[in-house]
Amino acid sequence: FQEKIDMSTYPVESIRNFSIIAHVDHGKSTLADRLLEITGTIAKTDRNKQVLDKLQVERERGITVKAQSASLFYNHKGVNYLLNLIDTPGHVDFNYEVSRSLSACQGVILVVDANEGIQAQTVANFYLAFEAQLAIIPVINKIDLKHADPERVEKQIEKLFDIPVNECIRISAKQGTNIEKVLEKVIEKIPPPSFNTTDPLKALVFDSTFDHYRGVIANIALFGGEIEKGHKIVSAHTKKRYEVNEVGILTPNEQPTDKLYAGQVGYLIAGMKEVTEAQIGDTLFMHKQPVEPLPGFKSAKPMVFAGMYPVDQTEYNNLKSALERLTLNDSSVTVHRDSSLALGAGWRLGFLGLLHMEVFNQRLEQEYNMSVILTAPTVPYKAILSSAKLIKEYGKAEITIINPAQFPDKLSVSEYLEPTVLGTIVTPQEYIGKIIVLCQDRRAVQKDMLYIDEHRVMLKYLFPLNEIVVDFYDALKSLSSGYASFDYEDAGYQAADLIKMDILLNGNPVEELATIIHCDKAYATGKFLCERLKDAIPRQLFEIAIQAAIGKKIIARETLKAYRKNVVAKCYGGDITRRMKLLKRQAEGKKLMRKIGNVEVPRDAFIRVLKRQPDK
C-alpha cells in the first residue's frame, strides 16, 4: 500500500490535461505506454504493450474501445508537473468516446502514421479537437519503419490542417525516439486549466465504469473547487445526494488521494448503485452550493439496430442480468424489450455501428459466458403519416420505425424517410475508379473530391445508412487492398422510396423475415432471401413455395420439392396406364396434404437466415 500523494503540491499552473487522438492503428496506445514509462508511472519492461487497453476484447483485437485515463508526474526545468493523459479509441463507432474525452482536456496530441499518412479518422478527430478550440500538437509516429516518409506527411498536415511543418515532432513510439520532446511540447504549448480552487465545487463526469464491489466509479474532471472523502455532493442531472467514499487519481490503476483540486482529473466513488446515476456529461456540486451545470454531451445516437435473443428461452433471465451489467459499462447501447414468434422473448438493441455491435457481442460471450442470437442489423426509418386515424393513434405525424413488423402501409403515409450519413473516404488515387463505382452501387451521392497530395484523394459522399451498415467497410477494404479508410457522421433523414418485403411460405407471411428495403434493391434481395431459405428449411412431405412479396406482388419464388415414396417400384413392365394411375393417386394425396399441412420453420433455420451473412 503506497502512501497517499498530496495533490495540493500541484497548483493549477502546473497541470496539463491532454488526449491522444489518431486514426485506427496509428500508435496511440503505444505512445501512451512510452509516456507512462518516461514519467516513471509504470516500470520499464518489454511487457508494456498497450497497458491502457484493459478489456480482453481490446487485447485480442488490438484496438481501443474505451477511453482510459492516467495521471503522470513529470519534472521539467525544476518544476513538478501533473499531466493527465486520456487515451482514446480510433474507430468511427467510438467517435463519441473521443468527443467526451476532449471535454476534459485543454489540448491534444494528434498522432499520424509516417507510413500511412493522413486517413479519414485523422481528419474527423482533428475537427473535433479544432471545434473544441484545443491546442493541437502534431506528432508523426513510426519513423523507424523503412517505408516511412515523414516529409510527405508533414506536407499533408500543412495542406489539410494549416499547421506549419516545423511544429511537427517526428517520433517512434515503439523505440522511444524523441518521446521526451513530446512531453516538453505538451508543457509548453498546452495551456493550464483556467479554474480556481476557491470556487465552489464543480466536477464533470466524463466516463464511468462499474465495479461489482464498490459500485460505480465515476471519472471526473474538476472545473472548480476541491473534493475529499466525506463531502456531501449532489448530481445536477438526477438531483440525488451522495457522500464521497473515496477520491483519487488513475496512474492507470486507482490510487487514492486525500483531496482532488480544481483542474485535476481523477476518479470518485460515492456509493452510486447504478451507472445510470453517473450520467455521462453530468455535473456534480456540493450540497447547498448549486452551480450552473456544465453543457453536457450529445447523447450517442444509435445508428444500427439488431434483435438479440437467448439461444434457449430458459437462459432469458441470465441474459437479462448480463445485459444489464454490460450496459452499465457501455452506456451508448439502447435497449428495448422485444419478442418474436419464432425466437421467443428478447431485446432490440441499438448500437453506434457494426464494430460496436461485434465488440458488445464478444464481451457478452467472454465476460458473461452468454451465447446469443443476433439478427441482421437494421437502421431506424421514419414515416410521415397522412391518415388522420393513425396520427391520432400514435399521437404525432412523424413516427420512427425500428422493427419492420410495425411498418405502416403505403396508403396512410405521405412519405418515408431513411437516415443518411456523410462519409469521408481517404484513398490512394489508383483505386479511385473502383471506389466511385462501389459508392454508386450503394446509392451514394458525391459531394466533394479533394487531392490531399499527388497520391491521396479525399472523397465525400452522402450515403443512405442502410447501404453501408452491413458490409460496405469490408468491400471498401478489399477493393483498395486495405489502403482506403472510411469515416462517417450523421447527416439527418431524407425522403426515400421504401417498401416492406414479406416472405411467404405457401402463401402465409412469416413475420420475422419481413424487411424494409429500398425499391431498387427489392428484387435482388428477395431472390437472395428465397434461395437462402430454400437451403435452410427442411423438406416436408408436401411441396413448399417460398415467395418474396411486396404487397400483393410476388417478386421472387423458389420451390422446395416434396419427399415422395417411390410408388411405381412394384410395376414391372405392364401398361403405362398402371404407372399413371399410381402417380396420379400420389399427386392427389400430396395436394390434399399441402392444403392442410402448415409449414413449421424450425428455429435453427431462422437463425441461419437471420444471422448476418459473412459469405455475401
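**Figure 1. Buried and exposed residues of helix α12 in the predicted model.** Helix α12 spans residues 472-479, and its buried residues are F472, A475 and L476. Viewed down the helix axis, these buried residues fall within an arc of 100°, so they line one face of α12. A general property of helices helps in reading this view: an α-helix has 3.6 residues a turn, so residues three or four places apart point the same way. On the face turned away from the buried side, α12 carries the exposed residues D474 and S478.

**Figure 2. Surroundings of helix α12.** The buried residues of α12 pack against several elements of the chain. Two of these partners are helices, α10 (432-441) and α11 (465-468). The others are the strands β23 (413-428), β25 (456-464) and β26 (485-496). Just after α12, the residue S481 takes a positive phi of about 50°.

**Figure 3. The buried residue E154 in helix α5.** Helix α5 covers residues 150-161 and contains E154. Is E154 buried or exposed? With a relative accessible area of 8%, E154 is buried, because this value lies under the cut-off of 20%. Leaving aside neighbours within four places in sequence, E154 is in contact with I140, V165, C168 and R170. The view also relates E154 to G117: these residues are 37 residues apart in sequence, and their C-alpha atoms are 8.7 Å apart in space.

**Figure 4. The aromatic pair F126 and F161.** The whole structure holds 10 aromatic pairs. In the pair shown here, the rings of F126 and F161 have centres 3.9 Å apart and planes at 15°, so the pair is stacked. The pair links distant parts of the chain, with F126 in helix α4 (residues 120-131) and F161 in helix α5, 35 residues apart. Both rings belong to buried residues: F126 has a relative accessible area of 4%, and F161 has a relative accessibility of 5%. Which residues do ring pairs link into a cluster with F126 and F161? The cluster also includes Y127 and F130.

**Figure 5. A lysine over an aromatic ring.** The residue K382 lies over the face of Y493. The distance from K382 to the ring centre of Y493 is 4.3 Å. Y493 falls within the residue range of β26 (485-496), one of the elements against which the buried residues of α12 pack.

Note on methods:
Residues are numbered from 1 along each chain as its sequence is written. This is a predicted model: local features need pLDDT of at least 70, side-chain atom pairs count only at pLDDT 80 or more; totals for chains, interfaces and linings use all residues. Side-chain values use heavy atoms; hydrogens and water are left out. Buried means under 20% relative accessible area, exposed over 50%, partly exposed in between (1.4 Å probe, protein chains only). Helices (H or I, at least four residues) and strands (E, at least two) are DSSP runs, numbered from the N terminus. The arc is that of the directions from the helix axis to the C-beta atoms. Contact means heavy atoms within 4.5 Å. Rings of Phe, Tyr and Trp (its six-membered ring) pair if their centres lie within 6.5 Å; planes under 30 degrees apart count as stacked, over 60 as edge-to-face and the rest as tilted. A charge sits over a ring if NZ of Lys or CZ of Arg is within 6 Å of the ring centre and within 35 degrees of the ring normal.
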